[in-house]
Amino acid sequence: MPGIISQVVENLVINALNHAFDEKQEGVIEIKVEQATNNRVRLSVSDNGKGINAEIKADIFEPFYTTARGKGNTGLGLYMVYQWVTQVLKGEISLQSDLGGNEDYKTQFVILLPELATKTHYN
């Protein structure tokens with residue numbers, strides 16, 4: 001499981017680097033992991049870039065969808081993230097983006113994972 005989780009985070013960070021920021025724009029990407037209700041794990045990857053408009057949000061997890069095909073992108077990154085989270089890890093993923101808001105982060109991917117491991121106590 002750790003390998004899949006690292007792939008999910010890597011793809012989300014690469015996606016932010018490729019799409020969130022204008023050229024020469026300084027940006028912030030925050031990765032946050034916390035315990036959610038029912039011993040679930042909440043993982044979020046947020047950025048303070050341009051945000052994502054509603055039209056793009058509707059298709060963002062579809063295979064081969066990209067806004068940067070001319071830059072060599074295939075449109076499989078977020079599709080794979082969605083598949084790994086929902087099929088392999090049995091979790092949920094959502095996208096929140098507010099173009100006009102005053103939030104510190106314009107785009108946030110939130111992943112809720114089931115309890116990943118039972119705690120083991122050693123004597």
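Student: What makes strand 2 and strand 4 a pair?

Tutor: Seven bridges join strand 2 to strand 4, and the two run antiparallel. DSSP has to find at least two bridges before two strands count as paired, so with seven of them strand 2 and strand 4 qualify. You can spot one place where they face each other: Val45 stands opposite Phe109 of strand 4.

Student: Before we go on, what sort of model is this?

Tutor: It's a predicted model, where local features need pLDDT of at least 70 and side-chain atom pairs count only at pLDDT 80 or more, while totals for chains, interfaces and linings use all residues. Residues are numbered from 1 along each chain as its sequence is written, and side-chain values use heavy atoms, with hydrogens and water left out.

Student: And what counts as a helix or a strand here?

Tutor: Both are DSSP runs, numbered from the N terminus: a helix is H or I over at least four residues, a strand is E over at least two. By that reckoning the protein chain has three helices and four strands, and along the sequence they follow the pattern α-β-β-α-α-β-β.

Student: Which other strands pair up, and over how many bridges?

Tutor: Strand 1 pairs with strand 2 (residues 41-47) in the antiparallel sense over seven bridges, with Val33 opposite Leu43 in strand 2. Strand 3 and strand 4 are antiparallel too, over six bridges; there, Ile93 sits opposite Ile111 of strand 4.

Student: What order does that give the sheet, and what makes a strand an edge strand?

Tutor: The four strands form an open sheet in the order 1-2-4-3, with antiparallel pairing. Strand 1 (29-35) and strand 3 (92-97) are the edge strands: each pairs on one side only. From one strand to the next, the twist averages 15 degrees.

Student: How do you know which helix packs on the sheet, and at what angle?

Tutor: That's helix 3 (residues 77-88), which touches strand 3 and strand 4 (107-113). Contact means heavy atoms within 4.5 Å. The direction of helix 3 makes about 140 degrees with that of strand 3; axes are lines fitted to C-alpha atoms, for helices over the stretch in contact, and angles between N-to-C directions run from 0 to 180 degrees.

Student: Take Tyr82 in helix 3. Is it buried, exposed or something in between?

Tutor: Its relative accessible area is 31%. Buried means under 20%, exposed means over 50%, and partly exposed is in between (1.4 Å probe, protein chains only). Tyr82 has 31%, so it is partly exposed. Setting aside neighbours within four places in sequence, Tyr82 contacts Phe61, Gln87 and Ile93. Its C-alpha is 8.9 Å from that of Glu62, a residue 20 places away along the chain.

Student: Why is Thr107 called buried?

Tutor: At 3% relative accessibility, Thr107 is below the buried cut-off, so it counts as buried. It lies in strand 4, where six of the seven residues are buried. Its contacts beyond four places in sequence include Val45, Gly51, Ile52 and Leu95.

Student: What makes the link between the side chains of Thr107 and Ser97 a polar contact?

Tutor: The definition asks for a pair of N or O atoms within 3.5 Å; within protein, one must be able to donate a hydrogen and the other to accept it, and residues adjacent in sequence count only if both atoms are side-chain atoms. The Thr107 and Ser97 side chains are joined at 3.2 Å, so the distance fits.

Student: Which class does Asn15 in helix 1 (residues 2-19) fall into, buried or exposed?

Tutor: Asn15 has a relative accessible area of 17%, so it makes the buried class. Leaving out neighbours within four places, Asn15 is in contact with Ala20, Leu78 and Phe109.

Student: What stands out about phi at Asn38 and Asn39?

Tutor: Asn38 has a positive phi of about 60 degrees although it isn't a glycine, and phi of Asn39 is likewise positive, near 60 degrees. Asn38 lies in the loop between strand 1 and strand 2, as does Asn39.

Student: Why does Asn38 get called exposed, and what about Asn39?

Tutor: Asn38 has a relative accessible area of 70%, above the exposed cut-off, so exposed it is. Asn39 comes in at 41%, between the two cut-offs, so it counts as partly exposed.

Student: How much of the whole chain is buried?

Tutor: Of its 123 residues, 33% count as buried.
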